[in-house]
Amino acid sequence: MATVAPPPSKRQRREALERTQIQQDVTPPVIEAGSFKARFVDNDGNQLAETIEVPLADATEKNVSLLLNTLLGREREEFTPYRFRIHIPSSNTVIDNYPTPSEFLAVLRKHGIENPFETTITLAAEPQAVFKVQAVTRMSNRIPGHGEAILAAQFSPKTSSLLATGSGDNTARLWNTDSGTPKHTLKGHSGWVLAISWRPDGQYLATGSMDKTVRIWDESGQPVGKPLNGHAKWITSIAWQPFHLWRDDTPKLASASKDATIRIWIANTGRTEHVLSGHKGSISCVRWGGTDLIYSASQDKTVKIWDALSGTLKHTLAAHAHWVNHLALSTDFVLRTAFYDHTKNVPASVEEKRAKAKERFEKAAKQQGKIAERVISASDDFTMYLWDPAQGTKPLARLLGHQKQVNHVSFSPDGTLIASAGWDNHIKIWGRDGKFLTTLRGHVAPVYQCAFSADSRLLCSGSRDTTLKVWDMRSFKLSVDLPGHEDEVYALDWSLDGRLVGSGGKDKAVRLWRN
């Protein structure tokens, strides 16, 4: 039986009563009078507006953001929210978290600026998403249906009312998330469904299984064409060609397998266009980049980069000391969503769709005016490496800190943050250049997967400890704890409009979470 605290004594009651009758001291903290000069630059270091004096008392991040919008001459409706990083003059130090007005001076003085009123402070402005995703706070549906554990889950890019899952019961299923009911069961595989991937336009779903085949299905759950046969061992990962690279409306599909090869298929005909062989071990992850390169990670400790057109090997990135488990591209989100965005305006013609998808890709990939698609690889050697294949085969950064194997890694949709989930029960957050920012502690068992919300302000993680957790990417604190699963959570995805999180795992039931 739990011990009960004794009731408060007479003296404690009397003191509590006295405390309630004394006027509390509520004077706000004193902010030193004065102002500092602010110089605004963008991520590439180009000056955005003229240098201006900002009074310290009003220097909250929100006010400075409004000020920059006004300086850029924007109308009220076109205001873009910004997040600022402070560059310390005459040193390479960058303060990532913007301080409150009362802490501002103390932070600057700590970094050696004795008289902030006479120095010009450089503020690097990062535009934030114009829309805001609310954190999911409750479980709206628990949908049984699968007969075995759920191994993969992905929302359709077209609509958040369609979720696909792959399971150990040899089927994939489509779920109607609006009514919380099963929609279609995709039967045909004779082994566990390990990988699922929606085509970027949301028309078709590809599933890869332990029966060594890839199958393609339409939204109504009907198979499209014959199964894609050719691999000698099971399928581990699938990637569709990005929408803006399709030629004559014939999308291609890449499948990676335990047989150490990647096959590129013409999806409409089911013909194998190329077999990419060169890895010496099982391939754990494949990604198709927006510049028509294919990236593959393998248990032979390397990441290989292939030219998808000719099917030839371009680079081998060898730096890891153990299996490479997962890859993420800085453009993953825009490639997955193609021409679907938060405005819900879908272009009418195919040409316009292609133009919009291409424009979104280029905007996400541009750095210093050139297209630079970055890759991050996570490994069993406890580390991650950040690469820019356009610059060569040397890693840009080595990301150290995890104490056990790193399971999963992902870029935020705006490309500014990297989240990694490990077997050490932690999620670590890194800057876009691989700089360590913080560790999110809260899970009490290995973290299997994490997913960013579409506005990059929240992160959801699923773990062996049966919970999902939502983290705020501003304060790096736990936002919501979501218990509800009865066993390990293997798969989760955040819908692309931010409305829902779908998750599945060992307890066989799909769970939907919403605000």
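**Exercise 1. Find the salt bridge between E486 and R142 in this predicted model, and work out which parts of the chain it links.**

*Solution.*
Step 1: Look at the two side chains. E486 and R142 meet in a salt bridge, with 3.8 Å from N to O. Side chains of opposite charge can pair when their charged atoms come close.
Step 2: Check the cut-off. A salt bridge needs the nitrogen within 4 Å of the carboxyl oxygen, so a pair at 3.8 Å makes it.
Step 3: Trace the chain. E486 lies in the loop between strand 35 (477–482) and strand 36 (489–494), while R142 belongs to strand 6 (residues 138–143). That puts the partners 344 residues apart, so to speak in distant parts of the chain.
Step 4: Look for further partners. Salt bridges with shared partners tie R142, E486, D507 and R511 into one network.

**Exercise 2. Decide for E486 and for R142: buried, partly exposed or exposed?**

*Solution.*
Step 1: Take E486. Its relative accessible area is 56%, and exposed means over 50%, so E486 is exposed.
Step 2: Take R142. With a relative accessible area of 43%, R142 is partly exposed.

**Exercise 3. Now do the same job for two other salt bridges, E219 with K158 and D481 with K469.**

*Solution.*
Step 1: Start with E219 and K158. Their closest N and O atoms are 3.2 Å apart. E219 sits in the loop between strand 13 (214–218) and strand 14 (235–240), and K158 in the loop between strand 7 (150–155) and strand 8 (162–167), 61 residues apart.
Step 2: Read off the accessibility. E219, at 24%, is partly exposed, and K158, at 32%, is partly exposed too.
Step 3: Move on to D481 and K469, where the closest N and O atoms are 2.8 Å apart. D481 is in strand 35 and K469 in strand 34 (residues 468–472), 12 residues apart.
Step 4: Compare with the cut-off. D481 is partly exposed at 38%. Buried means under 20%, so K469 at 6% counts as buried.
Step 5: Put these pairs in context: the structure holds 20 salt bridges.

**Exercise 4. Describe the open sheet of four strands, and explain why one side of strand 28 and of strand 31 is left without a neighbour.**

*Solution.*
Step 1: Write down the order, which is 28-29-30-31, with antiparallel pairing.
Step 2: Go to the edges. Strand 28 (406–411) and strand 31 (436–440) each have a single partner strand, so one side of each has no neighbour in the sheet.
Step 3: Add the twist, which averages 20° from one strand to the next.
Step 4: Zoom in on one pairing. Strand 30 (residues 427–431) and strand 31 run antiparallel and are joined by four bridges. Here I427 stands opposite L440 of strand 31.

**Exercise 5. Which residues touch the most other members of the largest nonpolar core, and what does I86 contact?**

*Solution.*
Step 1: Pick out the best-connected members. Among the 22 residues of this core, F36, F84, I86, Y98 and L123 touch the most others.
Step 2: Ask which elements contribute. Strand 1 (35–41), helix 2 (61–71), strand 3 (82–87), helix 3 (101–110) and strand 5 (120–127) each supply at least two core residues.
Step 3: Follow I86. Setting aside neighbours within four places in sequence, its contacts include V94, Y98, F104, L108 and L123.
Step 4: Don't stop at one core. A second, separate core has 18 residues, including V133, A451, L492 and W494.

Notes
Residues are numbered from 1 along each chain as its sequence is written. This is a predicted model: local features need pLDDT of at least 70, side-chain atom pairs count only at pLDDT 80 or more; totals for chains, interfaces and linings use all residues. Side-chain values use heavy atoms; hydrogens and water are left out. Two strands pair if DSSP finds at least two bridges between them. Axes are lines fitted to C-alpha atoms, for helices over the stretch in contact, and angles run from 0 to 180 degrees between N-to-C directions. A salt bridge is a side-chain nitrogen of Lys or Arg within 4 Å of a carboxyl oxygen of Asp or Glu. Buried means under 20% relative accessible area, exposed over 50%, partly exposed in between (1.4 Å probe, protein chains only). A nonpolar core is a set of buried Ala, Val, Leu, Ile, Met, Phe, Trp, Tyr and Cys residues joined through side-chain atoms within 4.5 Å. Contact means heavy atoms within 4.5 Å.
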